[in-house]
Amino acid sequence: MAAKFGIVLRSLRYLTNKTLSCRLICTSSSLRCEDRPQFPGSKSKFTYKLSFLDPDKEEGIPVYRVMNSQGEMIPESEDPKIDKQTVLKMYHDMTLLNSMDKILYESQRQGRISFYMTNFGEEATHIGSASALHPEDLVFGQYREAGVLMWRGFTLDQFINQCYGNTDDAGKGRQMPVHYGSRDLHFVTISSTLATQMPQASGAAYAYKRAQNGKCVVCYFGEGAASEGDAHAAFNFAATLNCPVIFFCRNNGYAISTPTSDQYRGDGIASRGSGYGMMTIRVDGNDVFAVHNVTKEAREICVTQNRPILIEAMTYRIGHHSTSDDSSMYRKKGEVVKFDTNNPIGRLRSYMVKQGWWDDEQENKWKEESKKKVMEAFAKAEKKKKPSPKEIFHDVYDEIPPHIQKQMDSLKEHVSKYEDKYPIQSHDAWS
């Protein structure tokens, strides 16, 4: 017996030293050698058939959903069993956001604000995900996630004050409209530059991992942003460092005027997840309950396993990209109408009606009430003055250095000398 064992050991040493690209597999019943690749960075076996991976012949990644277009739960086992009051809040926030979008979009067209971006068609991606997160989870948005802030308690006054850039704007009028942010609500201020929030989110998540604080980071982005180099850096850092971050892609069909057919060749954004070593799922972004389920489970994995998750929410941008865009130039009206008939708000309303929680009378009453709320906030914001020009120089240095003080004094002197050339009456006084 000892002699046989010695032969086995000598054989093992010989085979191990003979080749670095093979691995010896032994079973208890017999000794069997099988070539296995030992190249770093891959998980595979050798093949003797020349065959390329052809993405055109692979099945597409399935889209997870809970509720069909008629508002019916299919199957019942996937029903998140959300209570009535929470579902009503979901619907109220989705429709209030819709009302705010309509009024502020028109206000820009009237020249009252300089810019705006609507959220039409994507409301379920906001509310479904926000409702599954913890209030202290850190959010990095792109620019079309106003519903996430609304769910967390950002008021109509705060939204509209920001769009007007008035004295009650937390950003002191320094940002473009819709570039919201709230330290209290753990929502990092929006940046216009595409995808810069993505590597920042990975870094924040790594800090959370080291702090072991039980929180996760959520990073929203569009399929167009996924073409930026920052997306690659973010995915790779998050995966290799095992960061608790949810990358939430809103795939709405268009990156401004660029359709997905020109944006990428593969099967959406979800197909990239496994290449980075991330757990990935694709979800119906018009199904608020499916989005809720997916985000809730993703968060659990993030905080318990310290793993990044990629969610691709398939939806459709019903509105123009922004007030600077005319989408009729690159897509047909019939395409928009087709998706608008299956919008997330209508689907949730159908579900609520089937549950006996909503009817036409409540709908009409809420429409009038929500419009009134927005108009009241709008009227207040419009009457407020703009911040003083001196705010241009603040909040960069703890103490204003001499060269900045010199610039501030120069501007004050210039504006005072030519005050008839500037709308100083619409700004706070320079005290």
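Which residue of E8 does Ile281 stand opposite? In this predicted model, Ile281 faces Ile311 across the strand pair. Strand E7 covers residues 279–284 and strand E8 covers residues 309–314. The two pair in the parallel sense, over six bridges. Between them, the chain leaves E7, passes through helix H10 (residues 288–305) and enters E8. This β-α-β crossover is right-handed.

E8 also pairs with strand E4 (residues 245–251). This pairing is again described by six bridges in the parallel sense. Here Phe248 stands opposite Ile311 of E8. Ile311 thus has Ile281 opposite it in one pairing and Phe248 opposite it in the other.

These strands belong to an open sheet of six strands with parallel pairing. The order across the sheet is E2-E1-E3-E4-E8-E7. Strand E2 (187–188) and E7 stand at the edges. Each has a single partner strand, so one side of each is left without a neighbour in the sheet. In general, strands of a sheet pair through backbone hydrogen bonds, either parallel or antiparallel.

Helix H6 (residues 197–211) lies across three strands of this sheet: E1 (138–140), E3 (217–222) and E4. H6 runs at about 170° to E3.

H6 also packs against helix H7 (residues 229–240). Their axes are 7 Å apart and meet at an angle of about 15°. Angles under 35 degrees count as roughly parallel, and H6 and H7 are therefore roughly parallel to each other. Their crossing is left-handed. On the H6 side, the contact is made by Met198, Pro199 and Ser202. H7 contributes Asp230, Ala231, Ala234, Phe235, Phe237 and Ala238. Of the residues in this contact, seven are nonpolar, one is polar and one is charged.

A second helix pair is formed by H2 (residues 84–109) and H12 (residues 344–355). The angle is about 150°, and the axes lie 10 Å apart. Angles over 145 degrees count as roughly antiparallel, so H2 is roughly antiparallel to H12. H2 passes H12 in a left-handed crossing. The H2 side of the contact consists of Val87, Leu88, Met90, Tyr91, Met94, Thr95 and Asn98. The H12 side consists of Pro344, Ile345, Leu348, Arg349, Tyr351 and Met352. Ten residues of this contact are nonpolar, two are polar and one is charged.

Terms used:
Residues are numbered from 1 along each chain as its sequence is written. This is a predicted model: local features need pLDDT of at least 70, side-chain atom pairs count only at pLDDT 80 or more; totals for chains, interfaces and linings use all residues. Side-chain values use heavy atoms; hydrogens and water are left out. Two strands pair if DSSP finds at least two bridges between them. Helices (H or I, at least four residues) and strands (E, at least two) are DSSP runs, numbered from the N terminus. A crossover is right-handed if, with the strands pointing away from the viewer, the path from the first strand over the helix to the second runs clockwise. Axes are lines fitted to C-alpha atoms, for helices over the stretch in contact, and angles run from 0 to 180 degrees between N-to-C directions. Angles under 35 degrees count as roughly parallel, over 145 as roughly antiparallel, 65 to 115 as roughly perpendicular and the rest as oblique. A crossing is left-handed if the near helix is turned anticlockwise from the far one by less than a right angle, and right-handed if clockwise. Contact means heavy atoms within 4.5 Å. Ala, Val, Leu, Ile, Met, Phe, Trp, Tyr, Cys and Pro count as nonpolar, Asp, Glu, Lys and Arg as charged, and the others, Gly among them, as polar.
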